[in-house]
Amino acid sequence: MSNYIIARSSFLQKSSKEKEAAQKEEEDKEVDTKEDTEKEEDTQTEEKTASKKEEEEEDDDDEIPTDPRFKYKVKEEYKDQTRKLKEGKDTEEAKIETIKCTSDNCSHGKCIDEEYCVCHRGYASYKITNFEDSDEDIDPKDKIYCDYQMKEQIVAFLLETIFILGFGHLYAGRIVHGVLKMLIILLFVAFDLLLKSWIASKSLKTKNFYYTLSLSLYFGLLVFQLLDIVMLGLNKYHDGNGMPFYFYSSLDN
(Lines give C-alpha, C1' and ligand atoms only; values in the text may rest on other atoms or scores of the structure.)
Protein backbone atom coordinates (compact mmCIF):
# COMPACT_ATOMS: atom_id res chain seq x y z
CA MET A 1 0.00 0.00 0.00
CA SER A 2 2.78 2.37 0.94
CA ASN A 3 4.52 1.63 -2.39
CA TYR A 4 1.35 2.58 -4.22
CA ILE A 5 1.08 5.85 -2.33
CA ILE A 6 4.74 6.65 -3.04
CA ALA A 7 4.32 5.82 -6.74
CA ARG A 8 1.10 7.84 -6.88
CA SER A 9 2.79 10.81 -5.23
CA SER A 10 5.76 10.57 -7.58
CA PHE A 11 3.45 10.43 -10.58
CA LEU A 12 1.50 13.48 -9.41
CA GLN A 13 4.73 15.41 -8.83
CA LYS A 14 5.98 14.45 -12.28
CA SER A 15 2.67 15.48 -13.85
CA SER A 16 2.78 18.77 -11.96
CA LYS A 17 6.33 19.47 -13.19
CA GLU A 18 5.36 18.61 -16.74
CA LYS A 19 2.39 20.96 -16.51
CA GLU A 20 4.60 23.70 -15.11
CA ALA A 21 7.17 23.10 -17.87
CA ALA A 22 4.45 23.16 -20.53
CA GLN A 23 2.95 26.29 -19.00
CA LYS A 24 6.38 27.94 -18.89
CA GLU A 25 7.03 26.95 -22.49
CA GLU A 26 3.71 28.48 -23.54
CA GLU A 27 4.54 31.64 -21.63
CA ASP A 28 7.95 31.79 -23.32
CA LYS A 29 6.29 31.34 -26.69
CA GLU A 30 3.83 34.12 -25.88
CA VAL A 31 6.72 36.38 -24.84
CA ASP A 32 8.63 35.53 -28.03
CA THR A 33 5.53 36.13 -30.12
CA LYS A 34 4.94 39.43 -28.35
CA GLU A 35 8.56 40.48 -28.88
CA ASP A 36 8.36 39.52 -32.56
CA THR A 37 5.14 41.48 -32.90
CA GLU A 38 6.70 44.52 -31.21
CA LYS A 39 9.79 44.26 -33.44
CA GLU A 40 7.58 44.01 -36.52
CA GLU A 41 5.56 47.01 -35.37
CA ASP A 42 8.77 48.96 -34.70
CA THR A 43 10.05 48.04 -38.17
CA GLN A 44 6.80 49.13 -39.77
CA THR A 45 6.88 52.37 -37.77
CA GLU A 46 10.48 53.04 -38.87
CA GLU A 47 9.56 52.29 -42.48
CA LYS A 48 6.56 54.62 -42.28
CA THR A 49 8.72 57.33 -40.68
CA ALA A 50 11.39 56.93 -43.35
CA SER A 51 8.76 56.95 -46.09
CA LYS A 52 7.14 60.04 -44.60
CA LYS A 53 10.53 61.75 -44.35
CA GLU A 54 11.30 60.96 -47.99
CA GLU A 55 7.90 62.31 -49.02
CA GLU A 56 8.53 65.50 -47.01
CA GLU A 57 11.95 65.88 -48.65
CA GLU A 58 10.38 65.37 -52.07
CA ASP A 59 7.72 67.95 -51.21
CA ASP A 60 10.45 70.36 -50.10
CA ASP A 61 12.30 69.75 -53.38
CA ASP A 62 9.08 70.34 -55.28
CA GLU A 63 8.59 73.66 -53.46
CA ILE A 64 12.10 74.87 -54.41
CA PRO A 65 12.01 76.19 -57.99
CA THR A 66 14.41 74.64 -60.49
CA ASP A 67 16.04 76.14 -63.55
CA PRO A 68 15.91 73.99 -66.74
CA ARG A 69 18.85 75.98 -68.17
CA PHE A 70 21.09 74.10 -65.74
CA LYS A 71 20.19 70.50 -66.49
CA TYR A 72 22.87 67.79 -66.47
CA LYS A 73 22.80 64.18 -67.60
CA VAL A 74 23.94 62.04 -64.67
CA LYS A 75 23.16 58.48 -65.70
CA GLU A 76 26.11 56.80 -67.38
CA GLU A 77 27.89 53.47 -67.49
CA TYR A 78 31.59 53.10 -66.79
CA LYS A 79 34.15 50.36 -66.25
CA ASP A 80 35.13 49.90 -62.64
CA GLN A 81 38.60 48.35 -62.80
CA THR A 82 40.03 46.66 -59.72
CA ARG A 83 43.33 44.85 -59.21
CA LYS A 84 43.28 41.49 -57.40
CA LEU A 85 45.88 38.93 -56.45
CA LYS A 86 44.68 35.65 -57.96
CA GLU A 87 46.73 32.43 -57.83
CA GLY A 88 49.83 34.42 -57.08
CA LYS A 89 49.32 36.73 -60.06
CA ASP A 90 48.30 40.37 -60.08
CA THR A 91 45.22 40.51 -62.30
CA GLU A 92 42.93 43.35 -63.29
CA GLU A 93 39.19 42.86 -63.34
CA ALA A 94 36.63 45.22 -64.82
CA LYS A 95 32.89 45.36 -64.30
CA ILE A 96 30.27 47.70 -65.70
CA GLU A 97 28.76 50.07 -63.15
CA THR A 98 25.87 52.50 -63.66
CA ILE A 99 25.80 55.94 -62.10
CA LYS A 100 22.29 57.21 -61.39
CA CYS A 101 21.00 60.53 -60.14
CA THR A 102 20.63 60.60 -56.33
CA SER A 103 20.43 63.23 -53.61
CA ASP A 104 24.15 62.64 -53.03
CA ASN A 105 25.40 63.52 -56.52
CA CYS A 106 22.59 66.01 -57.27
CA SER A 107 23.54 68.30 -54.41
CA HIS A 108 21.23 71.30 -54.81
CA GLY A 109 18.90 70.02 -57.47
CA LYS A 110 16.13 67.60 -58.35
CA CYS A 111 16.54 64.21 -60.01
CA ILE A 112 14.39 63.37 -63.02
CA ASP A 113 13.97 59.65 -63.75
CA GLU A 114 17.38 58.85 -62.21
CA GLU A 115 18.94 60.21 -65.41
CA TYR A 116 19.02 64.00 -65.17
CA CYS A 117 19.79 66.47 -62.41
CA VAL A 118 18.08 69.86 -62.70
CA CYS A 119 19.60 72.51 -60.46
CA HIS A 120 17.64 74.61 -58.04
CA ARG A 121 17.44 78.24 -59.00
CA GLY A 122 20.81 79.96 -58.59
CA TYR A 123 22.94 76.78 -58.61
CA ALA A 124 25.24 75.22 -61.21
CA SER A 125 27.85 72.45 -61.41
CA TYR A 126 31.20 73.98 -60.52
CA LYS A 127 33.28 70.79 -60.52
CA ILE A 128 31.75 69.47 -63.75
CA THR A 129 32.20 72.80 -65.54
CA ASN A 130 35.85 73.05 -64.52
CA PHE A 131 36.64 69.49 -65.60
CA GLU A 132 34.89 69.97 -68.95
CA ASP A 133 37.18 72.93 -69.61
CA SER A 134 40.34 70.98 -68.73
CA ASP A 135 42.15 67.96 -70.14
CA GLU A 136 41.96 66.11 -66.83
CA ASP A 137 39.63 63.13 -66.52
CA ILE A 138 37.25 62.87 -63.60
CA ASP A 139 36.06 59.63 -62.04
CA PRO A 140 32.29 59.28 -62.70
CA LYS A 141 31.79 58.34 -59.05
CA ASP A 142 33.27 61.70 -57.98
CA LYS A 143 30.99 63.86 -60.13
CA ILE A 144 28.83 66.23 -58.10
CA TYR A 145 26.14 68.27 -59.82
CA CYS A 146 24.54 71.57 -58.79
CA ASP A 147 27.17 72.09 -56.10
CA TYR A 148 27.88 75.79 -56.70
CA GLN A 149 25.78 78.78 -55.66
CA MET A 150 26.15 81.33 -58.43
CA LYS A 151 26.60 85.05 -57.95
CA GLU A 152 23.56 87.01 -59.11
CA GLN A 153 24.08 89.31 -62.06
CA ILE A 154 21.45 91.81 -60.93
CA VAL A 155 23.17 92.26 -57.53
CA ALA A 156 26.59 92.85 -59.11
CA PHE A 157 25.04 95.23 -61.64
CA LEU A 158 23.25 97.33 -59.01
CA LEU A 159 26.28 97.48 -56.70
CA GLU A 160 28.53 98.64 -59.54
CA THR A 161 25.97 101.15 -60.82
CA ILE A 162 25.21 102.74 -57.44
CA PHE A 163 28.60 102.68 -55.70
CA ILE A 164 30.90 102.76 -58.82
CA LEU A 165 34.01 101.85 -56.77
CA GLY A 166 34.24 98.21 -57.78
CA PHE A 167 31.82 96.82 -55.18
CA GLY A 168 30.03 94.75 -57.83
CA HIS A 169 33.31 93.06 -58.76
CA LEU A 170 34.20 92.49 -55.11
CA TYR A 171 30.78 90.86 -54.53
CA ALA A 172 31.45 88.55 -57.48
CA GLY A 173 34.85 87.53 -56.15
CA ARG A 174 36.70 89.50 -58.85
CA ILE A 175 39.02 90.90 -56.20
CA VAL A 176 41.88 92.14 -58.40
CA HIS A 177 39.52 93.92 -60.81
CA GLY A 178 37.49 95.49 -57.99
CA VAL A 179 40.51 96.66 -55.94
CA LEU A 180 42.29 98.11 -59.00
CA LYS A 181 39.20 100.02 -60.05
CA MET A 182 38.69 101.37 -56.53
CA LEU A 183 42.35 102.48 -56.25
CA ILE A 184 42.36 104.17 -59.69
CA ILE A 185 39.23 106.21 -58.93
CA LEU A 186 40.23 107.15 -55.37
CA LEU A 187 43.81 108.07 -56.35
CA PHE A 188 42.59 110.14 -59.28
CA VAL A 189 40.10 112.08 -57.13
CA ALA A 190 42.73 112.66 -54.41
CA PHE A 191 45.29 113.83 -56.99
CA ASP A 192 42.69 116.11 -58.57
CA LEU A 193 41.90 117.78 -55.24
CA LEU A 194 45.57 118.31 -54.45
CA LEU A 195 46.26 119.87 -57.85
CA LYS A 196 43.26 122.17 -57.54
CA SER A 197 44.62 123.53 -54.28
CA TRP A 198 48.09 123.89 -55.83
CA ILE A 199 47.00 125.81 -58.95
CA ALA A 200 44.76 128.19 -57.00
CA SER A 201 47.53 130.80 -57.10
CA LYS A 202 48.66 130.04 -60.67
CA SER A 203 47.91 131.97 -63.84
CA LEU A 204 44.61 131.73 -65.70
CA LYS A 205 46.27 129.95 -68.61
CA THR A 206 47.62 127.24 -66.28
CA LYS A 207 44.23 126.90 -64.62
CA ASN A 208 42.42 126.56 -67.96
CA PHE A 209 44.90 123.92 -69.14
CA TYR A 210 44.50 121.91 -65.95
CA TYR A 211 40.70 122.14 -65.94
CA THR A 212 40.59 120.96 -69.55
CA LEU A 213 42.88 118.04 -68.74
CA SER A 214 40.89 117.22 -65.60
CA LEU A 215 37.56 117.22 -67.45
CA SER A 216 39.03 114.97 -70.14
CA LEU A 217 40.22 112.46 -67.54
CA TYR A 218 36.86 112.54 -65.73
CA PHE A 219 35.16 111.94 -69.07
CA GLY A 220 37.47 108.93 -69.62
CA LEU A 221 36.55 107.56 -66.20
CA LEU A 222 32.86 108.03 -67.00
CA VAL A 223 33.23 106.12 -70.29
CA PHE A 224 35.12 103.34 -68.50
CA GLN A 225 32.38 103.14 -65.84
CA LEU A 226 29.64 103.00 -68.48
CA LEU A 227 31.44 100.22 -70.39
CA ASP A 228 31.89 98.29 -67.15
CA ILE A 229 28.19 98.57 -66.34
CA VAL A 230 27.21 97.57 -69.88
CA MET A 231 29.44 94.48 -69.67
CA LEU A 232 27.79 93.52 -66.39
CA GLY A 233 24.34 94.24 -67.80
CA LEU A 234 25.00 92.00 -70.81
CA ASN A 235 26.39 89.30 -68.49
CA LYS A 236 29.78 89.22 -70.25
CA TYR A 237 31.77 88.74 -67.05
CA HIS A 238 32.42 85.62 -64.97
CA ASP A 239 32.82 85.54 -61.20
CA GLY A 240 36.10 85.03 -59.37
CA ASN A 241 35.86 81.23 -59.75
CA GLY A 242 35.33 81.40 -63.51
CA MET A 243 31.62 80.62 -63.28
CA PRO A 244 28.97 82.66 -65.12
CA PHE A 245 26.63 84.96 -63.22
CA TYR A 246 23.10 83.78 -62.53
CA PHE A 247 20.65 85.92 -64.46
CA TYR A 248 16.87 85.93 -64.33
CA SER A 249 14.84 85.35 -67.45
CA SER A 250 11.34 84.48 -68.56
CA LEU A 251 12.10 80.89 -67.55
CA ASP A 252 12.05 81.95 -63.89
CA ASN A 253 8.50 83.25 -64.01
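## Charges over rings

A charge counts as sitting over a ring when NZ of Lys or CZ of Arg is within 6 Å of the ring centre and within 35 degrees of the ring normal. In this predicted model, Lys71 fits that description: it lies over the face of Tyr116, at 4.6 Å from the ring centre. Lys151 does the same kind of thing with Tyr171, sitting over the ring face at 5.3 Å from the centre.

## The overall layout

Stepping back, the protein chain has six helices and seven strands. Going along the sequence, these elements come in the pattern α-β-β-β-β-β-β-α-β-α-α-α-α. The chain runs to 253 residues, of which 22% count as buried.

What share of the contacts with a separation of 6 or more comes from residues 24 or more positions apart? In this chain, such pairs account for 56% of those contacts. The helix pairs below give a feel for how distant parts of the sequence meet.

## H5 against H6

Two packed helices are described by the angle between their axes and the distance between the axes. For H5 and H6, the angle is about 160° and the axes are 12 Å apart. Angles over 145 degrees count as roughly antiparallel, so H5 and H6 are roughly antiparallel to each other. Their crossing is left-handed. On the H5 side the contact is made by His177, Lys181, Ile184, Phe188, Val189, Asp192, Leu195 and Lys196. H6 brings Tyr210, Tyr211, Ser214, Leu217, Tyr218, Leu221, Phe224, Gln225 and Asp228 to that contact.

Ser214 is worth a look within this packing. This residue belongs to helix H6 and counts as buried, at 6% relative accessibility. Setting aside neighbours within four places in sequence, Ser214 is in contact with Phe188 and Asp192. Val189 is 25 residues from Ser214 in sequence, and the C-alpha to C-alpha distance between the two is 9.9 Å.

## An aromatic pair across the helices

How many aromatic pairs does a search of the whole structure find? It finds six. One of them is Phe188 with Tyr218: the ring centres are 4.8 Å apart and the planes stand at 80°, so the pair is edge-to-face. Phe188 lies in helix H5 (residues 175-198) and Tyr218 in helix H6, so this pair ties together parts that are 30 residues apart in sequence.

The two partners sit in unlike surroundings. Phe188 is buried, with a relative accessible area of 16%, whereas Tyr218 is partly exposed at 31%. The cut-off for buried is under 20%, so Phe188 at 16% falls in that class.

## H3 against H6

H6 also packs against H3, at an angle of about 170° and with the axes 9 Å apart. That makes H3 roughly antiparallel to H6. H3 passes H6 in a left-handed crossing. The residues making the contact are Gln153, Ala156, Phe157, Glu160 and Thr161 from H3, along with Gln225, Asp228, Ile229, Leu232 and Gly233 from H6.

Is Glu160 buried or exposed? Glu160 is buried, with a relative accessible area of 0%. Its place is in helix H3 (residues 153-163). Apart from neighbours within four places in sequence, Glu160 is in contact with Leu165, Gly166, Phe167, Gly168, His169, Lys181, Gln225, Asp228, Ile229 and Leu232. Lys181 turns up in that list and is also one of the H5 residues in the contact with H6.

Gln153 is found in helix H3 as well, and it is buried with a relative accessible area of 13%. Not counting residues up to four places away in sequence, Gln153 touches Leu232, Gly233, Leu234, Asn235, Phe245, Tyr246 and Phe247.

## Two positive phi values

Most residues other than glycine have a negative phi. Glu114 goes the other way, with a positive phi near 60°. Where does Glu114 sit? Its place is in the loop between strand S4 (109-112) and strand S5 (116-120). At 41% relative accessibility, Glu114 counts as partly exposed.

Asn235 also has a positive phi, near 60°. This residue is in the segment after helix H6 (204-233), and Asn235 is among the residues that Gln153 of H3 touches.

Conventions: Residues are numbered from 1 along each chain as its sequence is written. This is a predicted model: local features need pLDDT of at least 70, side-chain atom pairs count only at pLDDT 80 or more; totals for chains, interfaces and linings use all residues. Side-chain values use heavy atoms; hydrogens and water are left out. Helices (H or I, at least four residues) and strands (E, at least two) are DSSP runs, numbered from the N terminus. Buried means under 20% relative accessible area, exposed over 50%, partly exposed in between (1.4 Å probe, protein chains only). Rings of Phe, Tyr and Trp (its six-membered ring) pair if their centres lie within 6.5 Å; planes under 30 degrees apart count as stacked, over 60 as edge-to-face and the rest as tilted. Axes are lines fitted to C-alpha atoms, for helices over the stretch in contact, and angles run from 0 to 180 degrees between N-to-C directions. Angles under 35 degrees count as roughly parallel, over 145 as roughly antiparallel, 65 to 115 as roughly perpendicular and the rest as oblique. A crossing is left-handed if the near helix is turned anticlockwise from the far one by less than a right angle, and right-handed if clockwise. Contact means heavy atoms within 4.5 Å.
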